[in-house]
Structure formats: C-alpha cells, structure tokens
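Please find below a short report on the fold and surface of one protein chain. The sequence and the model are shown first.

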Amino acid sequence: MIEMKVAGIAVDAITRSPIVLLKDGTERRALPIYIGQDQAKSIIAALENQPPPRPLTHDLLVNMLEAWEMKVERIIIHSLQDNTFYAILTVRKGEVKKDIDARPSDAIAVALRTRSPIWVMEEVVADASIPVDRDADEAEQRAFREFLENVRPEDLIQRRGFSSGEA
C-alpha cells in the first residue's frame, strides 16, 4: 500500500466534474478520482479548516464516531473496477476493529476531518495514477540503465570477512 495525501480538488475541463487529486509522498504520482459536487465542497471545507455553522453529513459521522469513542485508523482505496474506485474506513473501538465499505470521496472527507492516513493499494496506483514529474521519472530510468550497463557480476557478490585469495 502507498500512503497518499490530498493535493486538492480540480475540475475536468470537458465534463466540469470535480476531481480529488491524491499524491504519493514523493509527489511523483497523482491519483485522480472523479467525485460529486457535494463531496468536493466537503473535502475543500476540510482542507481549508472551515467548520460549517451546523454539522453536514461528514461532520455528523465524525461527531457520532467521537461520541461512541471510535477512532478512524485509516482509509484504504483498495480497488478499481469498471472505472469505479472502492474504499473502506478502518474504524477501531478498543480492541475491536471493523472495515466499513465507503465511497472514496466520503472516506477522504472523513479522513481529512479525523486526520487519518489515506492508503491506496499499489495495484490501484499502478492502474490509475498519472505521472506528475516525467523528467524525474526519465532521469531515474536513465540512471538505472547506466547502472545496469556498468555493473559487473563481482560487484554484486558480497564478501564477508574474506581476503581476495580466500573467496
């Protein structure tokens, strides 16, 4: 799994649909997830630390979890099927842990409010992410190819405690 952070909300230029953008720790990959208008507003409010005058749905859920002394440990975006992302909220109360099915947008809105980590399965990142820094990716690939061209088998053999004549 790869931990990701919410980079922000974007709008698709053609459909005008909101997209939540998640970025990995190196900020080299971004995962765009199309979401609804209401979820986009909720995520933006959480990102900007703007509490509503009255609790909205995600705030209500967080208030209920807190009232019952439950903690959101993390959210996991675990699969992508037919262009639909699937997520779970991992919630704990004492020693009891439950995984609760959720839409990624709702899970992200709750995670931001509870300061819980957002994890994405590596397969989902591989299937749906977009490169953010192509130059860095190309430089890394170039350096790896140069390493492979110049490496000798004896460079890969680890010698422990032997002098050159004993190995």
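The report covers the sheet, the helices and a surface patch.

## Basis of the model

This is a predicted model, in which local features need pLDDT of at least 70 and side-chain atom pairs count only at pLDDT 80 or more, while totals for chains, interfaces and linings use all residues. Residues are numbered from 1 along each chain as its sequence is written, and side-chain values use heavy atoms, with hydrogens and water left out.

## The sheet

Eight strands form an open sheet with mixed pairing, in the order S6-S5-S4-S7-S1-S2-S3-S8. Helices (H or I, at least four residues) and strands (E, at least two) are DSSP runs, numbered from the N terminus; two strands pair if DSSP finds at least two bridges between them. Strand S6 (96-102) and strand S8 (130-131) are the edge strands, each pairing on one side only.

S8 runs antiparallel to strand S3 (residues 29-34), to which two bridges join it. Here Arg29 stands opposite Pro131 of S8. S1 is joined to S2 by seven bridges and runs antiparallel to it; Gly8 has Leu21 in S2 as its bridge partner. The hairpin of S1 and S2 has six residues between the strands, and in it Arg16 takes a positive phi near 65°. Three bridges connect S1 with S7, also in an antiparallel arrangement, and Glu3 stands opposite Trp119 in S7.

## Helices on the sheet

Helix H1 (residues 37-47) packs on the sheet and touches strand S1 (2-11) and strand S2 (18-24), its direction making about 115° with that of S1. Contact means heavy atoms within 4.5 Å. Axes are lines fitted to C-alpha atoms, for helices over the stretch in contact, and angles run from 0 to 180 degrees between N-to-C directions.

Gln39, Ala40, Ser42, Ile43, Ala45 and Ala46 of H1 are buried, that is, under 20% relative accessible area (exposed is over 50%, partly exposed in between; 1.4 Å probe, protein chains only). The buried residues of H1 pack against S1, S2, H2 and H3. Just after H1, Asn49 takes a positive phi of about 50°.

## A nonpolar surface patch

Leu60, Met64, Trp68 and Met70 make a nonpolar surface patch of about 430 Å². Patches are made of residues with over 30% relative accessible area and no salt bridge (a side-chain nitrogen of Lys or Arg within 4 Å of a carboxyl oxygen of Asp or Glu); like charges are joined within 9 Å, and nonpolar side chains (Val, Leu, Ile, Met, Phe, Trp, Tyr) within 5 Å. Accessible areas come from the Shrake-Rupley method with a 1.4 Å probe, and for residues only the protein chains shown count as cover.

Trp68 lies in the loop between helix H2 (57-67) and S4. Trp68 counts as exposed because its relative accessibility is 59%.
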